[in-house]
Amino acid sequence: MTKPTSGDFTKTPGWMDWYTGPSRPSFKLPTGAVDAHCHVFGPGAEFPYAPERKYTPCDASKAQLYALRDHLGFARNVIVQATCHGADNRAMVNALVHSGGKARGVATVKRSVTDGELQAMHDAGVRGVRFNFVKRLVDFTPKDELLEIATRIAKWGWHVVIYFEAVDLPELWDFFTALPTTVVVDHMGRPDVALPVDGPQFALFEKFMREHSNVWSKVSCPERLSVTGPKALKSEQNAGMPSYGDVIPFARRIVEQFPDRVLWGTDWPHPNLKDHMPDDGLLVDFIPHIAVTPDLQRQLLVDNPMRLYWPEEAVPR
Ligand code: 0GY
């Protein structure tokens, strides 16, 4: 794949560029598989990064994303607005418009967004908004503003994607459970996978999903959550354990309990990773460890994302 660039912007010191030589996965994705969590960055020269951003990435264009889609064997993408673009959704919307109908999007909007702007985004393929509570990524937005946005976008049949850290779930519980739409949690609510999968932290997340049938979860980002990391493969202590093996019990548990409310995505181009950049082909090879039967794989990768993002289309077989 072509090399990342940084447009007219200087990248955040230590920024890790996405991996240009992803392997071809051994796991054959089911027909019609959707990469339901990925981003585009810029290019900065065409779609400038937002003044309020907390990081400046390398560029990661729609053409590069769609080349990865084809290389890995996905049919479609769901492009989630990245915080480095703030509430300026032009790069994401431009990618949707040039996808030939193969991409849908999740936007970031402010209270000031007009109905006309929401309609234009809907026409381009946006089907949700993202509320981000990860403090290193965004400034605080008052909850009454978010609730107002959620109530407005519900009229378009959109959903809310929420991104938060597991330690913050107790405090955010009342707000999340008041949301009037389908609610999709990014990366299982970022559990600390060094804690037991049977412990109170993950039990709260399971309770959140069990008690609220409108809550879905992405079982994505093992590379972000893992403590053992990709090197586990080489470690004697973890002999036989796949890369990111410590994430498997968490993700597998969610897939098996809630098979019709889970999604998976690459998270390309993997913002803010500090110690390694994953090979996206190996990430795809992680899927059969967490969705262990063809039926679960089809639900995770095809049926569920099609139901949420392309409900008007027949599910590919
Ligand atoms: C992710 C994770 C991160 C960043 C963003 O929009 C973003 O900047 O989502 C992160 O830094 O954890 O899901 O892409």
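## Helices, strands and the model

Helices (H or I, at least four residues) and strands (E, at least two) are DSSP runs, numbered from the N terminus. The model is predicted: local features need pLDDT of at least 70, side-chain atom pairs count only at pLDDT 80 or more, and totals for chains, interfaces and linings use all residues. Residues are numbered from 1 along each chain as its sequence is written, and side-chain values use heavy atoms, with hydrogens and water left out.

## Ligand surroundings

The ligand is surrounded by 16 residues (a residue counts if one of its heavy atoms lies within 4 Å). The closest are H39, Y55, T83, Y163 and H187.

Three side chains make polar contacts with oxygen atoms of the ligand (N or O pairs within 3.5 Å; within protein, one atom must be able to donate a hydrogen and the other to accept it, and residues adjacent in sequence count only if both atoms are side-chain atoms). For T83, a polar side-chain atom lies 2.5 Å from a ligand oxygen. For N272, the distance from a side-chain N or O atom is 2.8 Å. For R224, it is 3.2 Å.

## H187 and C221

H187 sits in the loop between β6 (183-185) and α6 (200-211). Its phi is positive, about 55°, although H187 is not a glycine. Is H187 buried or exposed? H187 counts as buried because its relative accessible area is 2% (buried is under 20%, exposed over 50%, partly exposed in between; 1.4 Å probe, protein chains only). H187 is also one of the closest residues to the ligand.

C221 is another residue other than glycine with a positive phi, near 70°. C221 lies in the loop between β7 and α7 (222-225). Its relative accessibility is 0%, so C221 is buried.

## Cis peptide bonds

G42 and P43 are joined by a cis peptide bond, with omega about 5°. P43 belongs to the loop between β1 and α1.

The bond from W268 to P269 is also cis. Here omega is near 0°. P269 is placed in the loop between β8 (262-263) and α9.

## Helix α1 and its cover

Helix α1 spans residues 62-72. Its buried residues are Q64, L65, Y66, L68, R69 and L72. Which elements cover them? The cover includes β1 (34-38), β2, α2, β3 (103-107) and α9 (280-290), judged by contact (heavy atoms within 4.5 Å).

G73 follows α1. Its phi is positive, near 100°.

## N89, ahead of α2

N89 is located in the loop between β2 (76-80) and α2 (90-97). N89 is buried because its relative accessibility is 8%. Its side chain reaches the backbone oxygen of A87 at 3.3 Å.

Leaving aside residues up to four places away in sequence, N89 touches Q81, A107, T108, V109 and M121.

## Helix pair α4 and α5

Two packed helices are described by the angle between their axes and the distance between the axes. The axes of α4 (residues 143-154) and α5 (residues 169-177) come within 11 Å and cross at roughly 40°. Axes are lines fitted to C-alpha atoms, for helices over the stretch in contact, and angles run from 0 to 180 degrees between N-to-C directions. The crossing of α4 and α5 is right-handed (the near helix is turned clockwise from the far one by less than a right angle; anticlockwise would be left-handed).

On the α4 side, K143, L146 and L147 make the contact; on the α5 side, E171, L172 and F175 do. By class, four residues are nonpolar, none polar and two charged. Ala, Val, Leu, Ile, Met, Phe, Trp, Tyr, Cys and Pro count as nonpolar, Asp, Glu, Lys and Arg as charged, and the others, Gly among them, as polar.

## V215 and M241

V215 lies in strand β7 (residues 215-218). Its relative accessibility is 2%, so V215 counts as buried. V215 touches V183, V185, F208, M209 and R261, not counting residues up to four places away in sequence. G281 is 66 residues from V215 along the chain, and their C-alpha atoms are separated by 29 Å.

M241 is in the loop between α7 and α8 (248-257). Its relative accessible area is 23%, so M241 is partly exposed. M241 and K102 are 139 residues apart in sequence. From C-alpha to C-alpha, M241 and K102 are 35 Å apart in space.
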